[in-house]
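Me: Could you take a close look at the aromatic ring pairs in this one for me? I'd like the surroundings too, so feel free to wander a bit from there.

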Amino acid sequence: MAQTRDEQLILWFEEIAITDVPLVGGKNASLGEMYQKLTGKGVNIPGGFAVTASAYRFLLKEAKIESAIKDALEGLNTHDMKNLQERGERVRTLIRNTPFPPSLADAILNGYHTMEERYSNGVDVAVRSSATAEDLPDASFAGQQETFLNIRGEDALIDACKRCFASLFTNRAISYRHDKGFGQFDVYLSIAIQKMVRSDEASSGVIFSIDTETGFKEVVFINASWGLGENVVQGRVNPDEYYVFKPTLQQGKRPIVGKRVGTKELTMVYTDDPGEPVKNIPTPPERASRFTLTDDEILTLARWACVIEEHYGKPMDIEWAKDRAEGELYIVQARPETVHSQLTEKTMETYILKGTAEPVLTGQAVGSKIGQGIARIIEDSAQIGEFKKGEVLITTMTDPDWEPIMKIAAAIVTNKGGRTCHAAIISRELGIPCIIGTETATTQLTTGREVTVSCAQGDTGYLYEGLIPFEVEKLDLSSVPRTRTQIMMNVGIPERAFRECQIPNDGVGLAREEFIISSHIGIHPLALLHYKELTERAETDPEIKALIEKIDSLTATHPEDKRSFFIDRLAQGIGRIAAAFYPKDVIVRLSDFKTNEYANLIGGSLYEPVESNPMIGWRGASRYYDPKFKEAFGLECEAILKARGEMGLTNIKVMVPFCRTPEEGKKVIDTMKEFGLIQGEDQLELYVMCEIPSNVIVADRFADIFDGFSIGSNDLTQLTLGLDRDSDLVAHIFDERHEAVKAMVKQVITVAKHRGRKIGICGQAPSDFPEFATFLVECGIDSISLIPDTVIKTRIAIAKKEEEMGIKA
């Protein structure tokens with residue numbers, strides 16, 4: 001009698017759909033769904049077949065081992081690590097040592113032979129576990145069961161299938177089922193047998209169609225490393241990171257708004273040893289310092305992620321690989337993202353560190369919480385029984401065997417790993433702060449020390465000695481009032497933008513270039529433009545030679561073109577902020593370093609004069625058209641052009657700082673035009689900072705050439721009161737609320753309103769003094785730009801003031 005579909009031992013991907021999870025597990029159901037529905041949309045999926053859950057049940061029944069498994073699990077205690085380990089090992093050994101019934105072995109091998117006909121004799125395959133309860137919308141612990149790579153030949157394939165079936169009873173899988181309320185026989189295992197993508201000499205990694213740290217839904221986040229992808233998933237390497245902005249990607253633009261090169265210390269490759277089909281080798285330094293993917297490849301993967309997300313109707317967690325021979329990219333797995341996509345609360349929770357201390361070490365922050373406790377260093381999973389609830393886990397990396405103790409940790413710190421490694425994924429799901437990629441945590445720390453782990457300070461995570469006080473603020477976003485006055489934000493750190501944009505806001509009133517240049521570039525632009533000349537001087541000058549070595553180290557991703565290093569880094573930093581707040585206005589202020597600040601950049605002392613008072617010297621607008629700096633300013637213009645044009649972020653507006661006269665403003669506008677940045681083209685608006693008394697006194701003339709004003713209260717105060725705001729000797733006189741300063745502010749607002757020009761403020765005063773903010777409302781200002789920490793409280797104060805004045809939002 002013919003088998004029904006539910007009784008078949010193998011099914012090909014083209015026979016499987018997403019509705020077949022009970023039959024082939026979540027991984028196989030998703031592979032079949034994509035193979036059927038998305039290959040026609042250009043998404044490459046390697047072919048293969050599933051060994052069904054019916055085959056697993058058939059094995060238990062025909063081999064008569066179910067009762068033996070039940071006996072082995074009798075008295076199971078998942079909170080007793082020794083108990084869990086002993087019982088798990090007994091079950092796995094039993095399954096591995098049980099011969100497959102002939103009909104099951106024949107079905108698997110016949111499928112493999114068909115794959116040989118499709119591809120080649122001895123075709124190499126990946127053998128992946130696919131449990132019937134994995135990848136559920138509300139739970140998807142990473143890697144519950146095993147995957148085996150570079151499997152070829154009949155004997156190796158059957159052995160890998162046995163090990164897959166046995167991995168249904170790994171310690172972490174047993175514990176997982178118990179914690180999720182499943183019986184140990186409520187979950188069945190299917191196996192994916194899939195054509196290997198030869199990424200061993202190419203690259204691979206993970207994609208999320210959502211930002212993993214903030215839940216920002218408008219970006220695709222890609223991790224990449226050399227070789228097979230297990231190193232990325234397991235956290236053995238610190239991979240490259242790429243961000244792509246979805247809305248303008250789908251308009252045909254090239255919006256790569258973030259690129260960070262990882263250290264990629266190891267490369268997983270094939271071996272010729274059947275007993276150990278893959279191994280890790282050190283990545284050569286020259287290769288490790290390069291980006292793994294080209295821009296075209298990044299964009300292709302991002303487009304596929306959008307196609308997959310659209311098909312499933314939810315954010316997705318995807319694995320990809322590049323074939324070395326074909327040079328083709330492939331999607332090898334996809335599952336729902338299960339952390340941020342499940343959040344429905346309209347509450348923002350903010351962790352705030354109240355004490356101060358020097359960090360002991362830093363790494364990449366996972367999440368935004370703070371945790372503290374006694375540190376415990378564990379180097380090997382055999383030691384996890386020593387771990388106690390509420391301790392801080394310090395280790396090189398984690399894998400699924402560690403999950404029973406990860407869920408009781410106050411925080412987790414690892415030497416290795418990127419944002420999609422096992423430690424990061426599980427920490428997010430558990431809501432535990434985690435710092436990854438510290439490199440030295442296990443050697444720098446000692447067990448028994450009290451430590452505080454803070455992921456609440458942006459992209460970087462900090463570990464401090466001792467228990468530093470902190471508090472948690474909760475904000476009901478639905479209670480935040482609307483205002484007629486636009487409440488914008490001052491944003492300078494691109495890594496914080498995806499989180500800060502979730503605070504109710506009307507855009508960015510000030511995005512400073514200085515932080516991006518100093519932190520993401522670090523080199524004086526003229527040193528990059530004159531790199532060739534410097535390399536010639538380095539042959540006879542040891543100091544210049546040392547300078548070139550520093551530049552080469554920082555610009556390893558751009559070995560041939562140093563000017564593009566500056567342009568790309570600045571464009572990505574600006575682009576990331578603009579993407580976070582898109583389509584709201586993001587006003588980018590051109591560089592406003594003073595000469596002493598420029599001199600502190602690498603190579604800066606070669607190009608910067610020494611001024612007795614840099615605060616009112618060669619800064620802002622006066623540099624841009626000056627022949628001594630003009631070509632460097634051109635790089636800024638090209639970066640903004642790239643963000644607005646190539647990336648499609650036309651919500652970027654440009655602001656000129658420290659512009660002393662209208663004539664100087666015209667020179668800047670003409671210089672920008674020379675470099676292709678043209679006022680009015682593609683909706684480009686150009687603003688001027690109002691921070692010098694002349695900006696107020698002849699505001700009418702400035703209004704002739706600029707689209708709007710933004711008041712810089714710090715400089716306006718110092719120049720109105722005639723004091724150096726960096727001097728401690730006169731600091732007590734500095735007060736933005738002084739009547740002379742307020743008179744200046746009121747006057748320029750009046751002129752701007754009369755001339756129909758936009759006017760806002762981006763200085764510190766309204767952030768520090770709520771009464772100054774309400775004064776601005778009385779003057780009729782259009783927008784107030786605040787530091788993120790004060791946005792909500794100032795919005796509430798302004799809403800109250802507008803209500804008193806009878807102004808409706």
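Reply: Here is a walk through the ring pairs, followed by the parts around them.

A word on the ground rules: this is a predicted model, where local features need pLDDT of at least 70, side-chain atom pairs count only at pLDDT 80 or more, and totals for chains, interfaces and linings use all residues. Residues are numbered from 1 along each chain as its sequence is written, and side-chain values use heavy atoms, with hydrogens and water left out.

A search of the whole structure turns up 18 aromatic pairs. Rings of Phe, Tyr and Trp (its six-membered ring) pair if their centres lie within 6.5 Å; planes under 30 degrees apart count as stacked, over 60 as edge-to-face and the rest as tilted. Take phenylalanine 13 and tyrosine 35: with ring centres 6.3 Å apart and planes at 65 degrees, the pair is edge-to-face. Phenylalanine 13 sits in the loop between S1 and helix H1 (21-37), while tyrosine 35 is in helix H1, so the pair ties together parts that are 22 residues apart in sequence. Helices (H or I, at least four residues) and strands (E, at least two) are DSSP runs, numbered from the N terminus. Phenylalanine 13 is buried at 0% relative accessibility, whereas tyrosine 35 is partly exposed at 22%. Buried means under 20% relative accessible area, exposed over 50%, partly exposed in between (1.4 Å probe, protein chains only).

Now for phenylalanine 772 and phenylalanine 775. Their ring centres are 5.6 Å apart and their planes at 55 degrees, so this pair is tilted. Both lie in helix H30 (residues 770-779), three residues apart, or about one turn of the helix. Phenylalanine 772 is buried with a relative accessible area of 2%, and phenylalanine 775 is buried too, at 11%. Elsewhere, ring pairs link Tyr56, Phe100, Phe165 and Tyr188 into a cluster.

On to helix H5 (residues 102-118). H5 has 17 residues and reaches 24 Å from its first C-alpha to its last, close to the 24 Å expected at 1.5 Å a residue (the expected span is 1.5 Å times one less than the number of residues). Its buried residues include Leu104, Ile108, Tyr112 and Met115. The buried residues of H5 pack against strand S1 (10-12), strand S2 (48-51), helix H2 (53-63), strand S3 (125-131), helix H6 (154-166) and strand S5 (189-195), with contact meaning heavy atoms within 4.5 Å.

As for the cores, the largest nonpolar one has 105 residues, and Phe581, Phe709 and Ile711 have the most contacts inside it. Its largest share, eleven residues, comes from helix H20 (residues 562-581). A second, separate core of 64 residues includes Ala72, Ile108, Val187 and Phe387. A nonpolar core here is a set of buried Ala, Val, Leu, Ile, Met, Phe, Trp, Tyr and Cys residues joined through side-chain atoms within 4.5 Å.

Finally, some backbone oddities. The peptide bond from tyrosine 582 to proline 583 is cis, with omega near 5 degrees, and proline 583 is in the loop between H20 and strand S25 (586-589). Lysine 64 isn't a glycine, yet has a positive phi of about 55 degrees; its place is the loop between H2 and helix H3 (66-73), and lysine 64 is exposed at 67%. Glutamine 683 also has a positive phi, about 65 degrees, without being a glycine. Glutamine 683 is found in the loop between helix H24 (662-674) and strand S27 (686-690), exposed at 57%.
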